[in-house]
Amino acid sequence: MQVLKSSGEFERFNGKKIYLSIRSVGGSKNLANSAVKEVKKLYREKIPTKEILEFLLKFLKKEPGISQRYNLKRAIMSLGPSGFPFEKFFARVLEDYGYKTTVDNKLRGKKIIQEVDIVAVKEKKWMVECKYHNEPGTITKLHPALYTYARFLDLNRYHFFTSWLVTNTRCSQDAIEYSKGVGQKITSWKYPEKESLQNLILKKSLFPITILESISEENLNKIYNLKIVVAKDLFNFTPDALSKKTHINKKVISKIIKEAKEVCSY
């Protein structure tokens, strides 16, 4: 029994993986067990994982907030490059972990100006390069790891502790091995296990506002204009205040905030 992944690779169907994924985003045991049973009914040889995902996103609506959290990876892919760039989202995530950050830095190297996505400081200073992909199944390969470290070497006058490559998909094994060899930090979707991008988000409910289904693209841009990219930051405003600042109807704002509370109650 095999499924077709978005990368074009085939993988053995794994009901336990689906069960654990649902539980990891707060789904009840009953919901997770029921979902696996229903997917097995749907199953056919070499079924695309995309089709399984679309089914699960509808099925998981039985419990508030679960479907959205289960769809987190796709929500991250909806951030940019247009709209609110991935590097600004990750900088906001780092701030919840005690870092002070600046984005879109232009720093002079030995001969040229280097554009550094994030400078992050927490006891030590880090040069952070964000590699964003908007297509599922895309792998961050060796080349970004090489040029991230090369930038770090060129900017040694700024006394960075080391370079840090961040991606919203997964890294190839050679990118990981190279980075280990030169002391470069990597954060990808599921690596390293305890400090992956997925875990950093789930641990503190730092969900992007693109995870909310009740926001239209027009209203999303209005909220972006307030520099809000994380759903729980909506709670810093009353519905009245947010409506006035964004010029979004108060009833619509109330619906958005209600959904955000469901998603963030994790």
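**Exercise 1. Salt bridges**

Task: Determine how many salt bridges the whole structure holds, and where lysine 61 and glutamate 213 lie in the chain.

Solution. Step 1: The structure is a predicted model, and a search of the whole of it finds 16 salt bridges.

Step 2: One of them joins lysine 61 to glutamate 213. Their closest N and O atoms are 2.7 Å apart, which meets the criterion of a separation within 4 Å.

Step 3: Lysine 61 belongs to the loop between helix 3 and helix 4, and glutamate 213 to the loop between helix 9 and helix 10 (217-224); the pair therefore ties together parts that are 152 residues apart in sequence.

**Exercise 2. The sheet**

Task: Establish the strand order of the open sheet of five strands, and explain why one side of strand 4 and one side of strand 10 lack a neighbour in the sheet.

Solution. Step 1: The order of the five strands is 4-5-6-8-10, and the pairing is mixed.

Step 2: Strand 4 (100-108) and strand 10 occupy the edges; each has a single partner strand, so one side of each is left without a neighbour in the sheet.

Step 3: From one strand to the next, the twist averages 30 degrees.

Step 4: Within the sheet, strand 6 (residues 124-131) and strand 8 (residues 162-167) are paired in the parallel sense over six bridges. Methionine 127 has serine 163 of strand 8 opposite.

Step 5: Helix 6 (residues 86-96) lies across strand 4, strand 5 (113-122), strand 6 and strand 8. Helix 6 runs at about 135 degrees to strand 4.

**Exercise 3. The largest pocket**

Task: State the space in the largest pocket, and identify which residues are closest to its centre.

Solution. Step 1: The largest pocket holds about 1400 Å³ of space.

Step 2: Its lining comprises 44 residues, and Lys17, Thr49, Lys73, Trp189 and Lys190 are the closest to the centre.

Step 3: Elements that each supply at least two lining residues include strand 2 (10-12), helix 1 (15-24), helix 3 (49-59) and helix 9 (197-203).

Step 4: By class, the lining of the largest pocket has 18 nonpolar, 15 polar and 11 charged residues.

**Exercise 4. The second largest pocket**

Task: Find which element gives the most to the lining of the second largest pocket.

Solution. Step 1: The volume of the second largest pocket is about 290 Å³. Among its 13 lining residues, Tyr97, Tyr99, Lys185, Glu195 and Leu200 lie nearest the centre.

Step 2: Two or more lining residues come from strand 10 (185-187) and from helix 9.

Step 3: Helix 9 gives the most, with three residues.

Step 4: The lining of the second largest pocket divides into six nonpolar, two polar and five charged residues.

How values were computed
Residues numbered from 1 in each chain as written. Predicted model: local features only at pLDDT ≥ 70, side-chain atom pairs only at ≥ 80, totals over all residues. Heavy atoms only, no water. 1 Å grid on protein atoms, 1.4 Å probe; cavity = no way out; pocket = protein on both sides within 12 Å on 5 of 7 lines; lining within 4 Å. Points joined across faces, edges and corners; volume = space filled by probe spheres on them. Helix = DSSP H or I, 4+ residues; strand = E, 2+ residues; numbered from the N terminus. Nonpolar A, V, L, I, M, F, W, Y, C, P; charged D, E, K, R; others polar. Pairing = 2+ DSSP bridges. Axes fitted to C-alpha atoms, helices over the stretch in contact; angles between N-to-C directions. Contact = heavy atoms within 4.5 Å. Salt bridge = Lys/Arg side-chain N within 4 Å of Asp/Glu carboxyl O.
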